[in-house]
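Here are my comments on the model you sent, set out as numbered points for reading beside the coordinates.

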Amino acid sequence: MLVIRRRAGDSILIGEQIEVQVIEIAAGRVKLGISAPPEVLILRKEIRLAEQQNRAAAEGVSSGLVRSLLSRLRQVKPSESTEDSKNPPALR
Amino acid sequence: MEFLSEHFGLLRYQPEQVIVFAEGLPAFEQEREFLLVEPEATAPVIFLQSLRSPALAFITLPVRRIVPDYRLTMEPEDLAALGLPEAEPAGAAGDLLCLAIVTIAADRPPTANLLAPVVINMKNRRARQLIQSGSGYSHQHPLPLSHEEAPCW
């Protein structure tokens with residue numbers, strides 16, 4: 001990873017068309033201004049992490065591993081879990 | 001009303017039980033309406049069942065079941081999305097259900113996403129997945145469940 005020290009007001013250029021400027025530095029936070037062509041997607045990384053994690057979570061449910069997780073949580077035999085229950089599940 | 005879900009079979013529900021994510025969830029922006037399904041046998045797990053995709057259900061746990069002193073931070077846009085007053089949001093704390101989405105996979109121990117909890121205002125059923133930037137919480141917090149059988153001696 002390239003590491004560069006910059007002060008408030010300084011900029012860096014990425015390629016020919018992207019400029020990142022340090023606008024303000026405050027306690028534990030930095031305010032950045034980004035100029036880039038409209039086709040360049042700019043995202044806080046946490047959003048991408050949330051997307052990836054949501055996709056992975058949705059896959060886990062369809063893979064049938066739910067029951068083993070639940071049996072660990074409940075310390076019950078898998079045969080006692082959801083699918084064998086005669087009553088419809090409660091909704092909150 | 002009725003919905004045929006893949007994991008829970010036929011779900012009967014009242015319109016006022018529907019949870020609405022006005023913006024969907026990250027990577028699932030088209031999924032706006034869900035039910036909270038709580039099978040007795042699997043408590044304390046709460047499933048977020050999509051009302052659009054029968055096969056889509058997220059496994060969740062209340063965040064404080066995972067981290068008892070979990071602290072939620074809400075930005076003004078979060079308060080607006082949940083229909084909470086900006087002046088006295090703390091007064092509504094009792095109406096909020098805060099859930100962590102759990103990821104399970106065959107080759108890894110289960111994890112909970114504490115970085116992006118799902119917060120539901122049970123008063124008006126509005127919900128949002130909040131991103132807790134700078135909180136230090138992990139999007140892959142290991143669940144305190146043993147992946148292996150622990151030896152007993």
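The points below deal with the nonpolar cores, then with some individual residues, and lastly with a surface patch.

1. Please keep in mind throughout that this is a predicted model, and that the values quoted below are computed from it.

2. The largest nonpolar core comprises 32 residues, and those with the most contacts inside it are Tyr13(B), Leu35(B), Val37(B), Ile59(B), Ile66(B), Val102(B) and Leu114(B). At least two residues of this core come from each of strand 4 (33–38), strand 6 (57–62), helix 1 (63–66), strand 7 (96–105) and strand 8 of chain B. Strand 7 of chain B gives the largest share, four residues. Apart from this core lies another, of 18 residues, which includes Ile46(B), Leu97(B), Ile101(B) and Ile120(B).

3. Leu114(B), one of the residues with the most contacts inside the largest core, deserves a closer look. When residues up to four places away in sequence are not counted, Leu114(B) touches, among others, Val63(B), Ile66(B), Val67(B), Tyr70(B) and Ala100(B), and also Gln132(B), Tyr137(B), Ser138(B), His139(B) and His141(B).

4. Is Pro117(B) buried or exposed? Pro117(B), which belongs to strand 8 (residues 108–121) of chain B, counts as buried because its relative accessibility is 0%. Its contacts, not counting residues up to four places away in sequence, include Val63(B), Tyr70(B), Leu72(B), Cys98(B) and Leu99(B), together with Arg128(B), Gln129(B), Leu130(B) and Gln132(B). Arg128(B) is eleven residues from Pro117(B) along the chain, and the C-alpha atoms of the two are separated by 8.4 Å.

5. Gln132(B) sits in the loop between strand 9 (126–129) and strand 10 (141–142) of chain B, and it is buried because its relative accessible area is 2%, where the cut-off is under 20%. A polar atom of the Gln132(B) side chain lies 2.7 Å from the backbone nitrogen of Thr73(B). Leaving aside neighbours within four places in sequence, Gln132(B) is in contact with Tyr70(B), Arg71(B), Leu72(B) and Thr73(B), as well as with Leu114(B), Leu115(B) and Pro117(B).

6. On chain A, Ile25(A), Val30(A), Leu32(A), Ile34(A), Val40(A) and Ile42(A) make a nonpolar surface patch of about 500 Å². The largest share of this patch, three residues, is supplied by strand 3 (residues 29–35) of chain A. Ile25(A), by contrast, lies in strand 2 (residues 18–26) of chain A, and it counts as exposed because its relative accessibility is 52%, the cut-off being over 50%.

Methods:
Residues are numbered from 1 along each chain as its sequence is written. Chains are lettered from A and ligands numbered from 1 in the order in which they are written. This is a predicted model: local features need pLDDT of at least 70, side-chain atom pairs count only at pLDDT 80 or more; totals for chains, interfaces and linings use all residues. Side-chain values use heavy atoms; hydrogens and water are left out. Buried means under 20% relative accessible area, exposed over 50%, partly exposed in between (1.4 Å probe, protein chains only). Contact means heavy atoms within 4.5 Å. A nonpolar core is a set of buried Ala, Val, Leu, Ile, Met, Phe, Trp, Tyr and Cys residues joined through side-chain atoms within 4.5 Å. Patches are made of residues with over 30% relative accessible area and no salt bridge: like charges are joined within 9 Å, nonpolar side chains (Val, Leu, Ile, Met, Phe, Trp, Tyr) within 5 Å. Accessible areas come from the Shrake-Rupley method with a 1.4 Å probe; for residues, only the protein chains shown count as cover. A salt bridge is a side-chain nitrogen of Lys or Arg within 4 Å of a carboxyl oxygen of Asp or Glu. A polar contact is a pair of N or O atoms within 3.5 Å; within protein, one must be able to donate a hydrogen and the other to accept it, and residues adjacent in sequence count only if both atoms are side-chain atoms.
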